[in-house]
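Hi,

Here is the structure I said I would pass on. Have a look at it first, and my notes follow underneath.

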Number of protein chains: 2
Amino acid sequence: MKIDIIGKGNVGTHLWRAFQPECDCVCVSSRDLAGLRKDSDIYIICVSDNVIAEIAEKVASEADKNSVIAHTSGSTPLSALQNIAQHKGVFYPLQTFSKNVELDYSEIPLFIEGDNDRTENILKKCGQMISDRVLTADSGTRCNLHVASVFGCNFVNHLWTLADNYLNSKGLNFDLLMPLIKETTRKIQRTTPRKAQTGPASRNDTVTIGKHLEQLSIFPEMQEIYRILSESIVRNSDNQSIK
Amino acid sequence: MKIDIIGKGNVGTHLWRAFQPECDCVCVSSRDLAGLRKDSDIYIICVSDNVIAEIAEKVASEADKNSVIAHTSGSTPLSALQNIAQHKGVFYPLQTFSKNVELDYSEIPLFIEGDNDRTENILKKCGQMISDRVLTADSGTRCNLHVASVFGCNFVNHLWTLADNYLNSKGLNFDLLMPLIKETTRKIQRTTPRKAQTGPASRNDTVTIGKHLEQLSIFPEMQEIYRILSESIVRNSDNQSIK
């Protein structure tokens with residue numbers, strides 16, 4: 001299988017690393033497409049959502065008409081590729097990619113969509129070269145997964161950034177939180193997050209919540225986030241938890 | 001060393017499990033204190049913040065005058081124990097405890113405070129029986145650690161609850177997010193959370209953010225949280241990240 005990856009950002013770089021030992025794969029920059037091959041089986045477009053259609057059309061003008069052109073975006077429908085003549089698909093890896101952090105690709109869930117069964121089969125075979133979890137998902141399902149992943153990953157990581165900033169401002173090291181963070185993650189592999197919830201808001205401990213809001217008075221951004229997330233926890237909580 | 005733990009909630013239960021193989025330890029209910037011993041070296045009060053002073057005073061009326069009485073609260077100052085005659089201290093484990101989830105106690109950072117050096121030494125020795133990371137921290141430092149841990153653990157877990165609720169409402173399983181969640185946690189052990197940030201807001205991808213907010217229009221609570229956290233990410237971001 002011959003695969004061309006278009007885009008050298010976080011996703012493109014990681015997909016290239018994953019495919020390179022498995023098949024004949026190149027990765028080209030989306031800026032000039034230098035090195036793009038005309039006779040590849042699959043072209044995987046790994047660019048920002050707002051330029052997917054434009055880059056896909058440039059690739060389509062070069063590529064074999066029997067090839068598959070797929071994008072990797074969670075929130076972009078398959079129909080974004082409607083203007084190209086080739087077979088159209090989506091190859092969405094549900095993972096967070098940073099160039100400098102190595103990954104075990106075999107565990108990444110890959111969500112496949114194709115304009116017909118043949119396209120889906122090609123993309124599935126392609127996905128199975130690198131991952132043990134290749135699933136089909138239509139554009140609506142993929143959007144739902146993407147929204148959930150923003151909460152489950154991007155927002156979570158941002159809370160850690162805020163905690164890091166806060167501790168630094170107090171002369172404390174974020175490393176002190178690592179055992180807690182590891183355990184928070186480990187726990188939900190054994191129980192549901194709802195059952196795993198602890199902390200002042202889950203006990204509706206208004207005194208501690210009030211103290212914390214006061215401590216955050218010189219950090220208005222964190223204070224607002226603290227208030228809104230605590231209110232949300234109180235509303236969602238069974239209040240069965242005791243510290 | 002003889003230790004009495006007061007309170008059978010999440011913290012009391014876990015501390016009892018941790019100490020039991022190491023020393024002579026009992027755990028009694030804070031409701032009736034039945035089984036409390038008069039001649040223990042340390043009494044560790046593991047109750048809700050709002051009843052710490054009251055329960056500590058009841059324990060103090062029973063306990064040997066040379067003993068140490070300590071609470072386990074992040075946001076309660078040592079001075080909450082001012083009305084008791086015994087030595088006073090704090091024994092704060094920076095961890096999330098759920099009764100039904102086993103833990104490796106040796107990795108839990110324990111923050112110790114005492115009313116004098118002797119008390120701190122006793123509490124340190126006590127802590128070192130179960131943990132490899134026993135540190136001293138005054139009440140102000142402990143409050144700062146507690147606020148950071150609410151962001152780093154309690155709020156993070158709640159975002160997972162919201163993601164779980166959302167996926168369930170769409171007929172999808174939260175397990176699909178587990179590889180992503182594990183990787184999110186693994187990444188910040190290799191880089192800072194700021195550098196690990198990915199997602200629409202870190203790219204200031206207003207089109208995707210707009211789509212997601214629209215998808216969340218029938219989940220107003222999640223929609224508000226999405227908006228506020230995305231705005232916070234945009235403000236904190238270097239905008240160097242490319243998907």
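**The sheet in chain B**

Strand β5 (residues 87-93) of chain B and strand β6 (residues 110-114) of chain B are paired antiparallel, with 5 bridges between them. If you want a spot to zoom in on, V90(B) sits opposite E113(B) in β6(B). Before going further, keep in mind that this is a predicted model.

Those two strands belong to an open sheet of 7 strands in chain B, in the order β2-β1-β3-β4-β5-β6-β7, and the pairing is mixed. At the edges you'll find β2 (24-28) and β7 (134-136) of chain B, each of which pairs on one side only. Going from one strand to the next, the twist averages 25°.

Helix α3 (residues 117-128) of chain B packs on this sheet. It touches β1 (2-6), β3 (42-45), β4 (68-71), β5, β6 and β7 of chain B, and its direction makes about 35° with that of β5(B).

**How the two chains relate**

Chain A superposes on chain B by a rotation of 180° with 0.0 Å of shift along the axis, at an RMSD of 0.0 Å. The two copies are therefore related as by a two-fold rotation axis. In chain A, the C-alpha nearest that axis belongs to V156(A), at 2.6 Å. Both copies use the same surface, too: 100% of the contact residues of chain A recur in chain B.

**Helix packing between the chains**

Two helix pairs are worth pulling up here. For the first, α4(A) packs against helix α4 (residues 139-169) of chain B at an angle of about 175°, with the axes 9 Å apart. With that angle, α4(A) is roughly antiparallel to α4(B). Sorted by class, their contact has 24 nonpolar residues, 4 polar and no charged ones.

For the second, helix α4 (residues 139-169) of chain A packs with helix α5 (residues 178-187) of chain B at an angle of about 15°, again with axes 9 Å apart. So α4(A) is roughly parallel to α5(B), and α4(A) passes α5(B) in a right-handed crossing. On the α4(A) side the contact is made by S149(A), G152(A), C153(A), V156(A), N157(A) and W160(A), and on the α5(B) side by L180(B), I181(B), T184(B) and T185(B). This contact divides into 5 nonpolar, 5 polar and no charged residues. V156(A), then, turns up in the contact with α5(B) as well as having the C-alpha nearest the axis in chain A.

Cheers

How values were computed: Residues are numbered from 1 along each chain as its sequence is written. Chains are lettered from A and ligands numbered from 1 in the order in which they are written. This is a predicted model: local features need pLDDT of at least 70, side-chain atom pairs count only at pLDDT 80 or more; totals for chains, interfaces and linings use all residues. Side-chain values use heavy atoms; hydrogens and water are left out. Axes are lines fitted to C-alpha atoms, for helices over the stretch in contact, and angles run from 0 to 180 degrees between N-to-C directions. Helices (H or I, at least four residues) and strands (E, at least two) are DSSP runs, numbered from the N terminus. Angles under 35 degrees count as roughly parallel, over 145 as roughly antiparallel, 65 to 115 as roughly perpendicular and the rest as oblique. A crossing is left-handed if the near helix is turned anticlockwise from the far one by less than a right angle, and right-handed if clockwise. Contact means heavy atoms within 4.5 Å. Ala, Val, Leu, Ile, Met, Phe, Trp, Tyr, Cys and Pro count as nonpolar, Asp, Glu, Lys and Arg as charged, and the others, Gly among them, as polar. Copies are superposed by least squares on the C-alpha atoms of residues with pLDDT of at least 70 in both. Two strands pair if DSSP finds at least two bridges between them.
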